[in-house]
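Hi,

Here is the structure I promised to send over. Have a look at it first, and my notes follow underneath.

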Amino acid sequence: MEAILLVGGKGTRLLPLTIDTPKPMVKLAGVRFIAHQIAYARSHGISRIVVATSYKTEQFLEYLGDGSAFGVEIVHAIEGEPLGTGGAIANAATYLISGERDPITVLNGDVLTAHDISAQIRQHVSMNCHATLHLVEVDDARAYGSVPTDDKGQIIGFVEKSENPPTNFINAGCYIFTKSVIDQIPRGRVVSVERETFPELLATGGKLWSFKSRDYWIDIGTPAALLKASQDLLTGVFISPAFTPQPKKIYIDPLAEVDSSALIEEGSAIGRAQVRSGARIEASIIGDEVVIEAGAQILHSIIGNRVKVGSGAIIERAIIGGDEIVLPPNSRHIGTALGIG
Ligand code: GDD
Ligand code: MG
């Protein structure tokens, strides 16, 4: 079975972390986010994935290659200029080899989900729909696509990011399309699947059905959500086929150098970093080539690759990244986004 993975977004809400690392390439519990997604898709029988890239394409090419290291076949669909979610799907579809009646799974590249995609695909096929959308219920739908349904589960509207969402059931970023429906999306121009394709399908009598679930689901697109997803992986709240939680509920890269007097507390993931004496790290993500000097404290924060943290510095609820960032000794960075922009 084939899937399209949308990974071309710029990840602006995760700046400055995404200056050098696209969102799907950020490591969660030591594993790049996209590898969690591929392992999940593979566990549901997806064997060929077209990866739709635009921002920092070369990193995806190099890391994923032909997919053999991940047990799937990977094809890269590269957009010169970002084509939007719908344009990216249309472009990626030219690389599919499925028949026109076959179901194609489309996944947003920033969603960690435990829902049963196999069941979603079965429902789509048995009901012979144009598209079947995974929906989850959230407390506040304003930042998402709000998707009302009728009593039977048929989708009756699609309202992307509005101040007054009609329902708290939202588009969870996993669609099953019948291939011939994707083939109708215009090619070679910017198209939003949320603002254009779904509303048009509804207006022309398309059969769009919901697949609602209450399983674990998170979009890692904001610093708070990224940290939460990382902690949920480390503590076993979310089980990824690409990661085994450790008894201490932390992850330390085998090549990291952590002083024995440094304190790494639950929910922290440390990349290939150096952590010196007396430093304390709590519920944070630390990238590669990072140096954390003696006595520094990093709490509920995300530290990107190559950042240097001076001795005694305190970093709390901050996101720090971009190249050559050096935080002076004893400096304080609380609730800030700091980096080269
Ligand atoms: N290839 C490609 N080209 N991919 C893109 C492009 C593009 O031009 N624009 C966005 N993407 C990818 C992003 O990389 C991401 O994986 C996915 O499409 C969704 O984009 P986001 O920027 O993360 O959108 P969002 O989180 O604000 O909203 C979307 O996801 C919500 C659920 O998390 C929408 O689909 C909402 O309707 C939905 O509720
Ligand atoms: Mg998103």
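The domain assignment splits the chain in two, with domain 1 covering 2-223 and domain 2 covering 246-338. Keep in mind that this is a predicted model. Where the two domains touch, domain 1 puts in twelve residues and domain 2 puts in 16 residues. Together they bury about 960 Å² between them, and 64% of that comes from carbon and sulfur atoms. Measuring from C-alpha centre to C-alpha centre, domain 1 and domain 2 are 33 Å apart.

Next, a pair of helices. Helix α1 (residues 33-43) and helix α2 (residues 57-64) have axes that come within 12 Å and cross at roughly 55 degrees. That angle falls outside the parallel, antiparallel and perpendicular ranges, so α1 counts as oblique to α2. The crossing of α1 past α2 is right-handed. On the α1 side, the contact is made by Ile-34, Ala-35 and Ile-38, while α2 brings Phe-60, Tyr-63 and Leu-64. What sort of residues make up this contact, nonpolar, polar or charged? Six are nonpolar, with no polar and no charged ones.

Two spots in the backbone are also worth a click. One is the peptide bond from Leu-15 to Pro-16, which is cis, with omega near 5 degrees. You'll find Pro-16 in the loop between β1 (2-6) and β2 (27-28). The other is Ala-283, a residue other than glycine with a positive phi, near 45 degrees. Ala-283 sits in the loop that runs between β19 (280-282) and β20 (285-286).

Cheers

Technical notes
Residues are numbered from 1 along each chain as its sequence is written. Chains are lettered from A and ligands numbered from 1 in the order in which they are written. This is a predicted model: local features need pLDDT of at least 70, side-chain atom pairs count only at pLDDT 80 or more; totals for chains, interfaces and linings use all residues. Side-chain values use heavy atoms; hydrogens and water are left out. Axes are lines fitted to C-alpha atoms, for helices over the stretch in contact, and angles run from 0 to 180 degrees between N-to-C directions. Helices (H or I, at least four residues) and strands (E, at least two) are DSSP runs, numbered from the N terminus. Angles under 35 degrees count as roughly parallel, over 145 as roughly antiparallel, 65 to 115 as roughly perpendicular and the rest as oblique. A crossing is left-handed if the near helix is turned anticlockwise from the far one by less than a right angle, and right-handed if clockwise. Contact means heavy atoms within 4.5 Å. Ala, Val, Leu, Ile, Met, Phe, Trp, Tyr, Cys and Pro count as nonpolar, Asp, Glu, Lys and Arg as charged, and the others, Gly among them, as polar. Domain bounds come from an automatic or database domain assignment. Buried area is the accessible area (1.4 Å probe) that two parts lose on being put together, summed over both.
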